[in-house]
Every structure is written in C-alpha cells, then in structure tokens.
Amino acid sequence: MKLIHTQSLAIGYTEGHTNKVLQEDINLSLSSGEIISLMGQNGVGKTTFIKTLSGLHKRISGSVYHQDRLIDEISKSSLAKQISIVLTEKPFAEYLSVIELIALGRHPYSNWIGRLSTSDKQAIDLSMSQTNIDYLAHKKLYQLSDGQFQKVMIARALAQETDLIILDEPTAHLDLSNKIEIMLLLKSIAGSGKGVLIATHDLQVSLQLSDRLWLFNFNQPVLDGCPEDLILQGAIDQTLFPINNNIDLTTGTVKHLDERKGNVLLQGDPTMVHWTAQALQRNGYAVNKDAPTSITINCLDCLWKLESKDTSTSFDSIENLLIHLK
Amino acid sequence: MITQYFDTSIKKWRQLFVVLGLLLVVLFTLNISLGSVAIPLSSVIDFILLRPPVDNSWHLIMAQFRLPKALTATLVGGGLGICGLQMQTLFRNPMAGPFILGISSGSGLGVALIIFLGVEAGLLFELSGITRSWIMVCAAALGSFGVLLAIILASVRLKDSVTLLILGLMLGAVSSALINILQYFSQATNIQAYMMWSFGSLGSLSWNELMIFSVIMSVGMIMSMGLSKSLNALLLGANYAESMGVDLKIIRIMTIINTSLLAGTITAFCGPIAFFGLVMPHIARMLFNTTNHLLLTPLIILIGGILMLFFDTVSQLPGIEATLPINAVTALLGAPFVVYLLLRKRNIHYTFDK
C-alpha cells in the first residue's frame with residue numbers, strides 16, 4: 001500500500017515575493033514495509049523535503065498525498081496519527097525522563113489533560129521493548145549517550161503509532177556499531193509493516209540496508225532506484241562525490257592513487273589479506289597478482305613473510321612490516 | 001512494567017499534592033493570624049469555620065482586611081508562577097517571566113499617565129499613599145491590555161516566538177521611556193504616588209474587587225491546565241510539537257492571552273510584582289524534579305500561593321504597624337532561596353539545552 005506519494009512537487013523557501021526552489025518535479029512514493037534512504041550533499045534540500053512531507057513546511061507547488069489524500073485536507077491531529085518524525089534538534093527540557101518523553105508520543109491520542117489510557121500505556125510499553133530501552137525508562141535525557149538518545153527518540157516516534165516514520169540523519173554523531181544498530185532497528189521497524197524514510201549521509205550502511213535510494217542533486221532531477229542499480233549507473237558517484245576524492249564505489253572507501261612505490265603479491269587468509277592490503281596501499285604500494293615481491297601471511301603464527309628474489313624476512317605485525325618497507 | 005511505573009508515580013504525586021494543600025491551609029491561617037494586631041489562632045479558626053466571633057474588632061480586621069489580603073496573596077502567587085512557567089516554555093528561555101512581553105510596563109504607563117497627566121489636567125483623584133482607586137486599576141488594565149492587543153496582533157502575523165519576545169521588549173522599552181519623561185516633568189508628590197504603586201501591594205483589594213479578581217484568576221488557572229498538554233509537547237521543540245498535532249499558532253496565541261490576562265490583572269490590582277513570576281517555575285522544577293506541565297501547573301498554583309503567603313506574612317512585620325513593600329520582600333527572601341537551590345543543583349541544565 002502506498003503510504004505517501006508526491007506529484008510534481010517543488011520544495012524550497014519563499015523569500016519576500018520570490019521562491020527559492022531547491023528541488024522540483026519530485027515524483028516519489030513510499031509503500032508500507034519499505035525502508036528508503038534519502039541522500040544528497042548538504043544544502044540540497046533533504047531536511048526541507050522531509051519537513052514538507054510531514055506538513056511542517058509549505059511546499060512551493062505540486063502535491064503531497066498521504067494514503068491518497070491530499071496533505072492539505074488532513075487535519076493536524078489526524079496527520080499526527082499518520083506520520084511521526086525524528087529530527088536532529090535536541091529537546092528543550094533535558095530534565096524530562098525517558099518514559100515521560102516517550103509518553104509525549106501519545107499526544108495525538110490522550111485527552112485534554114494528557115491522561116494515558118490502557119492502550120496508551122501498552123503502546124509505550126511496546127515501543128520501549130521494540131527499541132530495547134526498558135532499562136533506560138527512569139533515566140533523565142541529559143544522562144543518555146547519543147546512541148541511547150536516538151533510540152529513545154525512535155521509541156517516541158513508534159509510540160505515536162504511525163504508518164510512516166521519517167528520520168533526519170538518525171545516525172549522525174554515532175559510532176559505527178551504534179549506526180548499524182540503529183539501522184537494523186529501523187529495518188526491523190520497516191519489517192513490521194511500517195514505512196521508513198531516512199535522510200542520511202551514511203553511504204555504506206544505507207546501501208546495504210535500504211530497499212531504495214532517493215538521490216537529490218543540485219539542478220538535476222531526483223533519482224529513485226535500487227541502491228545497487230544506482231551504483232552501477234554511476235549515479236551515486238555523481239550525486240554524492242562531485243569532486244573526485246578517489247572513492248572506491250564497490251566498497252565505498254577511499255582509493256589510494258599513490259601506489260608508485262612498488263607492487264606486492266599478497267597471499268593468505270582473506271581477512272588478513274584485506275587489512276594488510278589496506279595498510280600497504282596507504283603507504284604507496286599496489287597489490288598485484290604478477291608482482292615479483294610477495295608477502296605470505298601465515299595465520300597460525302600471525303607472521304608476515306616478505307619474499308623477493310633472494311631475500312626472505314618475517315614480521316610479527318603489520319607495523320613492523322611497514323617500518324621495514326619504508 | 002511501565003504501567004506500574006505510572007501508577008506508583010501517580011500515587012506519589014497525589015501524596016505530595018495533599019501535603020502541599022495542607023501546607024497552604026496552615027500558611028493561610030498563619031497569615032490571617034499575624035500582623036500589626038496579632039490574632040490568636042483559635043479565633044482565626046473560629047472565623048474560618050464561620051463560628052460566632054469572640055472579639056468583634058478582631059472579626060472586623062479579619063473580614064475586612066486579612067482575609068481578602070490572604071486570598072489575594074494566594075491567587076497572585078499561583079497566577080504569577082504559571083505565567084512565568086508558560087512564558088519560559090513558549091520562548092524557550094529561562095529568563096522569561098510574566099512581564100517579558102512588556103505587560104507591566106504597559107500598565108505602568110497607564111498608571112503614570114493617570115497620576116502625572118491626570119493631576120496636571122486638574123482632574124480630581126484621591127491618589128495619596130498606597131490607597132488605590134478604581135481609576136488606577138482601570139488605567140493599569142488599559143495599559144497592559146493595550147500591550148497585550150499589540151502582541152496578539154503581532155503573533156498572528158509573526159511565525160517566530162523569539163521575534164515576538166523582542167517586540168515585547170521594545171514595547172516595554174518605549175513604555176519605560178515614556179514613564180521616565182512623565183516623571184521628569186512631574187512634581188515630587190506625584191512621583192511618590194507612582195513609586196508607591198510600583199512597590200506592589202496585596203492588601204488593597206475590596207471584597208467587590210476581589211470577586212472580579214478571583215474569577216479572572218480561576219479562569220486563567222483552568223485555561224493553564226488546558227494548555228499544559230500542548231506545552232509539554234512544545235518542550236521537544238516547535239517542529240516535534242507540530243508533528244504531534246499541536247496547532248502552534250493557536251497554542252501560542254492562547255498562551256499569550258492567558259498569561260497577559262493573569263499578569264495584566266495582577267498588575268492592575270496589585271502593582272508590578274516582577275521577580276516572583278520569573279523564579280517560581282525554577283523553584284518548582286528544582287524542588288520537584290519535573291518539567292511536566294501537567295504536574296508543574298497545579299504544583300506552582302499551590303507553592304506559589306504558599307510562598308506568597310509566607311512573603312506577605314514576613315512583610316507584615318508582626319507587632320509593628322508598618323508593612324514592607326511586597327516587591328522588596330519577594331526579592332529579598334526569594335533570591336537567596338534560588339541561589340541556595342542553584343548551588344545545591346550546581347546548574348540549571350535540568351531545564352534547558354546546554
């Protein structure tokens with residue numbers, strides 16, 4: 001089921017009497033169960049797009065439909081039951097407890113005095129167990145780490161019981177393990193039948209876990225497709241890396257051009273080979289099948305054996321190997 | 001598990017409300033009992049329970065002066081406190097108070113115009129000492145509601161709360177400047193009359209005035225409870241609040257009308273009692289460790305009343321005829337209390353982003 005779709009939507013700002021258009025002719029749709037990453041450089045209009053979809057920002061032209069109803073025709077309170085958001089802004093009150101903050105997600109459902117019914121409490125309970133933050137319930141917001149805070153904000157959005165959750169850079173400022181944890185959490189939320197839209201800069205994680213990518217670029221039409229297709233078409237390269245910084249598109253890592261010091265043949269356990277290759281490339285060596293010099297990695301003793309025509313030396317760490325090569 | 005948490009916490013809060021309610025009753029009784037003429041507690045209790053009086057002069061003092069004053073103090077304390085709370089949340093600023101939008105300056109201007117120009121124009125007013133006439137109440141009310149009207153008209157047009165705040169400061173600055181000019185060209189007696197008004201006074205409401213006053217205060221407090229849920233959502237920021245179905249424009253206008261009504265009425269009847277509304281929310285948040293408006297609003301109505309009754313009791317200086325200005329007493333006793341709480345908590349990041 002289509003949760004949200006746009007028709008020749010144009011987004012941007014109105015300054016005085018002129019419109020500053022960031023993106024136009026956007027025709028995108030998101031269905032339930034889908035997780036989509038919205039990517040693009042800073043200033044390309046990702047946050048504006050997100051706010052436009054959630055009714056927080058006026059669009060310039062075109063239309064946004066929520067489950068086939070035009071967004072203008074939906075009252076604020078019923079829209080709050082269809083879309084929940086996780087933004088980058090921090091709340092005003094750090095002294096709120098986690099459970100109080102998540103209970104705020106029940107705002108569209110509770111009565112005028114904010115009394116929580118049994119179903120409200122069940123929703124809060126469920127959202128906390130789904131995000132695995134039961135143990136944080138009584139903590140105050142200022143006591144949380146960035147990763148915990150993000151999970152709490154996601155739990156608040158879940159407690160709002162909407163079909164669609166939109167997140168603005170949910171993994172910014174997080175370490176890799178937290179990034180992956182958050183993305184897997186979002187993936188499982190999508191798996192439970194909700195639609196998830198994420199504006200993000202995390203290429204590697206998004207490529208692996210998103211069903212589709214939406215790419216925004218300056219002065220170019222919006223691209224929409226399966227991540228792998230977009231990679232192969234070179235679209236990601238164009239959109240995200242307009243300046244050639246030697247990004248290896250198959251891995252999303254930095255390529256080293258300066259590999260002039262020599263060629264080396266690497267043999268051994270694949271994991272060891274991978275990291276040894278990275279160390280060598282960083283130091284100006286290319287890994288090559290036909291190189292005269294070879295390094296054989298012995299996994300059992302953790303030995304790096306460097307062999308050229310007539311010499312052979314062994315090292316017990318990559319660091320020592322590199323010192324020798326320098 | 002979570003349901004349990006809510007139930008136990010509700011029980012805890014209910015107990016606190018009972019304790020605070022009792023404390024309010026105790027201070028209310030003490031406030032009536034103490035003053036230039038000390039009235040024994042037994043007589044006060046007889047009076048409150050509507051038993052026949054032992055001493056008629058005591059009965060007269062209590063009925064005509066002490067009781068209206070104690071009621072005024074209770075309502076003023078709570079009213080100013082919730083004004084401060086709502087302004088601080090609306091403007092996301094710990095320095096905001098009930099008069100941040102220039103309401104007290106507006107009413108000050110109204111009063112100044114009446115005192116300075118009224119006398120110049122040869123109009124006859126009884127404006128001696130702290131006796132305050134209906135004309136002054138009307139002037140103060142007109143002044144504050146003039147500012148309120150300007151702010152509401154602006155808030156319909158403006159999207160941004162901070163712009164509104166600056167607008168309020170500008171209105172306040174203009175009013176103060178006009179008051180200064182008026183003072184510059186006035187006689188000493190008029191300036192003194194204006195000064196007396198600006199000291200603030202809780203004890204000058206007649207029963208008739210108190211009727212009007214308490215009706216407005218009650219309406220304001222009920223409205224504050226109704227706004228609390230939306231103000232809670234606003235703690236997460238305007239965008240989050242809107243995404244949860246809060247109509248920002250309506251909430252902003254309602255909050256401004258509500259605080260202006262409360263603060264404007266209080267200023268009109270009791271003069272500008274400035275400090276109290278600014279610190280009351282901080283005291284409540286620090287004492288009760290919560291930023292939840294649904295709890296804070298009734299809590300502040302209670303402890304605002306309690307503290308104002310306490311300050312008023314102190315200002316009466318038991319056994320002495322004179323009464324200290326309530327403005328001076330609230331600041332003199334309130335400031336050290338806030339400093340103590342701040343030192344104990346070390347900082348105020350309990351409320352605001354670091």
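**Figure 1. Helix 3 (98-104) of chain A joins helix 1 (2-33), helix 8 (207-234), helix 11 (274-288) and helix 12 (293-315) of chain B around the second largest pocket, each giving at least two residues to its lining.** Please keep in mind that this is a predicted model, in which local features need pLDDT of at least 70 and side-chain atom pairs count only at pLDDT 80 or more, while totals for chains, interfaces and linings use all residues. Residues are numbered from 1 along each chain as its sequence is written, chains are lettered from A and ligands numbered from 1 in the order in which they are written, and side-chain values use heavy atoms, with hydrogens and water left out. The helices and strands named in these legends are DSSP runs numbered from the N terminus (helices H or I, at least four residues; strands E, at least two). Helix 1 of chain B gives the most to this lining, namely eleven residues. In total, 37 residues line the pocket, and B:Ser9, B:Ile10, B:Trp13, B:Asn292 and B:Leu295 are the ones nearest its centre. A pocket here is an open set of points on a 1 Å grid over the protein atoms alone, where a 1.4 Å probe fits, with protein on both sides within 12 Å along at least five of seven lines; a cavity is a set from which that probe cannot get out, and lining residues have an atom within 4 Å of a point. The space inside comes to about 1200 Å³, a volume being what is filled by probe spheres set on grid points joined across faces, edges and corners. By residue class, the lining holds 18 nonpolar, eleven polar and eight charged residues (Asp, Glu, Lys and Arg are charged; Ala, Val, Leu, Ile, Met, Phe, Trp, Tyr, Cys and Pro are nonpolar; the others, Gly among them, are polar).

**Figure 2. The largest pocket draws its lining from both chain A and chain B.** On the chain A side, strand 1 (2-15), helix 1 (46-53) and helix 2 (76-79) each supply at least two lining residues. Chain B contributes in the same way through helix 3 (56-90), helix 5 (134-157), helix 6 (161-184), helix 9 (238-243) and helix 10 (248-270). If you would like to centre your own view, A:Leu56, A:His57, B:Lys159, B:Glu242 and B:Leu248 lie nearest the middle of this pocket, out of 43 lining residues. The pocket holds about 1400 Å³ of space. Its lining is made up of 17 nonpolar, twelve polar and 14 charged residues.

**Figure 3. The second largest cavity is lined by chain B residues.** Three cavities of 30 Å³ or more are found in the structure, and the second largest of them has a volume of about 70 Å³. Around it sit B:Ser43, B:Asp46, B:Phe47, B:Arg51, B:Pro52, B:Pro53, B:Val54, B:Asp55, B:Trp58, B:His59 and B:Met62. Helix 2 (41-48) and helix 3 of chain B are the elements that give two or more of these residues. Six of the lining residues are nonpolar, two polar and three charged.

**Figure 4. B:Ser175 is a buried residue of chain B.** This serine belongs to helix 6 of chain B. Its relative accessible area is 6% (buried is under 20%, exposed over 50% and partly exposed in between, with a 1.4 Å probe and protein chains only). Beyond its neighbours within four places in sequence, B:Ser175 touches B:Ser105, B:Gly106 and B:Leu109 (contact: heavy atoms within 4.5 Å).

**Figure 5. A:Arg59 and A:Asp72 pair up in a salt bridge.** Their closest N and O atoms are 2.7 Å apart. This pair ties together distant parts of the chain, 13 residues apart: A:Arg59 is in the loop between helix 1 and strand 5 (61-66) of chain A, and A:Asp72 in the loop between strand 6 (69-70) and helix 2 of chain A. A salt bridge means a side-chain nitrogen of Lys or Arg within 4 Å of a carboxyl oxygen of Asp or Glu. A:Arg59 is partly exposed at 23% relative accessibility, whereas A:Asp72 is exposed at 54%. Over all chains, the search of the whole structure finds ten salt bridges.

**Figure 6. A:Arg106 forms salt bridges with A:Asp120 and with A:Glu161.** The side chains of A:Arg106 and A:Asp120 meet at 2.8 Å, N to O. A:Arg106 lies in the loop between helix 3 and helix 4 (118-130) of chain A, and A:Asp120 in helix 4 of chain A, 14 residues apart. Both A:Arg106 and A:Asp120 are buried. For A:Glu161 and A:Arg106, the closest N and O atoms are 3.0 Å apart. These two partners are 55 residues apart, with A:Glu161 in the loop between helix 5 (146-159) and strand 8 (164-168) of chain A. A:Glu161 is partly exposed, at 39% relative accessible area, while A:Arg106 has a value of 2%. Elsewhere, A:Glu34, A:Arg212 and A:Asp224 are joined into one network by salt bridges that share partners.
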